[in-house]
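Got the viewer open? Let's take a walk through this model, one selection at a time.

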Amino acid sequence: MMPTELEIGGRIVPVVLTRRASQRAVRLRASAVAGHIEISLPARGSEDIGAALLNSHRAWLEAQVARWPRPIPFAPGFIIPIDGEPVLIDWQETHKRTPVLVDACLRIGGPLPLLAGRIERWLKARALADLDTSTRQIAAQLDRKVARVSVGDTTSRWGSCAGALRPEGARIAYSWRLILAPAWVRRSLVAHEAAHLIHQNHSPAFHALNRQLDPRAGEARRWLARHGAALHWVGRAIQPE
Ligand SMILES: [Zn+2]
C-alpha cells in the first residue's frame, strides 16, 4: 500500500499519487515548490511498485526535503519578505484592520482568525497594483495594447502573456508572490512578458529586446532559481509537531 504521507527529517510530507496513460515507467519527484512527493505510475502500474520506490529512495528523499524552505505562516510575530525586505507581522486586535506597512512592520488588527486571509488579500492587491502599472508602462513604450493584467497563484510559471496579436490587446498574468521578491526581480518578469507583446516566442530577437528592456534579466532568472521556491512557502501553515 502506498502511504499518503511520510515523516522525513521531522517533517510530515504528503505523498501524491498520479497516473498517466502515456507513461511507461514509475517516476518519483520531490517538489520543493509544492512541498510534496509525487509518485507517477503508468495507467496500470501497481501501487506496490510506487511504495517500493519510496523505500529504496529514502536517503535521496531525506536529502531533498532537507533543502526545502521552511513555511512562514501569516501569523503574529513572523517575518515575511515584501519587496525582498524582511517585514514583521505586527498584529494586535486593536490595530486598524487594513494593513499598514511602516518601518519594516506590517501593522494589522481585527480578529485573529481572519488575519491570514487579510494579509494574503492585501499582498495580492499590492502585487496587482504594482505589476499592472509597470506592465502598462512598458507596453506603452513598445506601443502595444494590454487588455488585462491579473495575478494568480501559479506554481509552474511566474508570468504568462497570451493573445498578444488580438486587437483588444494581450492578457498578462503573474504570480502574486512576486510582490515578495525584490522590485528588480519583479521588473524583470514584467520586461519578459512585455517583450512577448512583440515576439511570441523565445527567439534571439526576443532575447535581444528583453535585454534591452532589462539588462538584469539573467541575474533575475538566477535569483528566482535560487530563491523562488521559498516564496511559495510564505503564508503556508506550520505543521503541528
Ligand atoms: Zn517567455
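Start by selecting Val149 and showing its neighbours. Leaving out residues up to four places away in sequence, Val149 touches Leu128, Leu131, Asp132, Thr135, Arg136, Ile172 and Tyr174. Keep in mind as you look around that this is a predicted model. Val149 itself sits in strand β9, residues 146-152, and is buried, at 7% relative accessible area. Now add Ala173 to the selection: its C-alpha is 5.7 Å from that of Val149, although 24 residues separate the two in sequence.

**Along helix α3**

Two of those neighbours deserve a click of their own. What do the side chains of Asp132 and Arg136 do? They meet in a salt bridge, with 3.2 Å from N to O. Both residues belong to helix α3 (residues 115-141), and being four residues apart there puts about one helical turn between them. Colour them by accessibility and you have two partly exposed residues: Asp132 comes in at 22% and Arg136 at 34%.

**Zoom out**

Time to see the whole chain. Its secondary structure comes to six helices and 11 strands, and the C-alpha trace spans about 55 × 55 × 30 Å along its principal axes. There are 241 residues, of which 41% count as buried. If you like contact maps, take the contacts between residues at least 6 apart in sequence: 49% of them join residues at least 24 apart.

Next, colour by domain. Domain 1 covers 5-66, domain 2 covers 79-115 and domain 3 covers 121-231. Draw a line between the C-alpha centres of domain 1 and domain 3 and you get 33 Å.

**A stop in domain 1**

Go to Ala25, in the loop that runs between β2 (11-20) and β3 (27-31). Ala25 is partly exposed, with a relative accessible area of 45%. Not counting residues up to four places away in sequence, it touches Ser40 and Pro42. Put a distance label between the C-alpha atoms of Ala25 and Leu41 and it should read 6.8 Å, for residues that are 16 apart along the chain.

While you're here, pick Arg29 and Glu38. Their side chains form a salt bridge at 3.7 Å, N to O. Which partner is buried and which is partly exposed? Glu38 is the buried one, at 13% relative accessible area, while Arg29 is partly exposed at 43%.

**A salt-bridge network**

The structure holds 12 salt bridges, and some of them join up. Select Asp83, Arg126, Asp130, Arg186 and Arg187 together: these residues are linked in a network of salt bridges. Zoom in on Asp83 and Arg186, whose closest N and O atoms are 2.8 Å apart. Asp83 lies in the loop between β5 (79-82) and β6 (85-91) and Arg186 in helix α4 (residues 183-195), so this pair ties together parts that are 103 residues apart in sequence. As for accessibility, Arg186 is buried at 2%, whereas Asp83, at 28%, counts as partly exposed.

**The zinc site**

Now show the zinc ion as a sphere. Which residues coordinate it? His192, His196 and His202 do, each through its NE2 atom, at 2.0 to 2.1 Å. Along the sequence, these donor residues follow the spacing H-x3-H-x5-H. Switch on a surface and look for His192 and His196: both are buried.

**Last stop: Asp214**

Finish at Asp214, in the loop between α5 (204-213) and α6 (217-231). Is this one paired with a charge or not, and how far away is the nearest candidate? Asp214 is buried yet has no salt bridge, and the nearest side chain of opposite charge, Arg216, is 6.3 Å away. A salt bridge needs the side-chain nitrogen within 4 Å of a carboxyl oxygen, so that distance is not enough.

What Asp214 does have is polar company. Its side chain makes a polar contact of 2.7 Å with the side chain of Ser188. Label one more distance: from the backbone nitrogen of Ala217 to a polar atom of the Asp214 side chain is 3.2 Å. Setting aside neighbours within four places in sequence, Asp214 is in contact with Ser188 and Ala191.

Conventions
Residues numbered from 1 in each chain as written. Predicted model: local features only at pLDDT ≥ 70, side-chain atom pairs only at ≥ 80, totals over all residues. Heavy atoms only, no water. Donors = N, O, S within 2.8 Å, 3.2 Å for Na, K, Ca; no water. Buried < 20%, exposed > 50% of the residue type's maximum accessible area, 1.4 Å probe, protein only. Domains from an automatic or database assignment. Helix = DSSP H or I, 4+ residues; strand = E, 2+ residues; numbered from the N terminus. Lys, Arg positive; Asp, Glu negative; His and termini not counted. Polar contact = N/O pair within 3.5 Å; in protein donor to acceptor, adjacent residues only side chain to side chain. Contact = heavy atoms within 4.5 Å.
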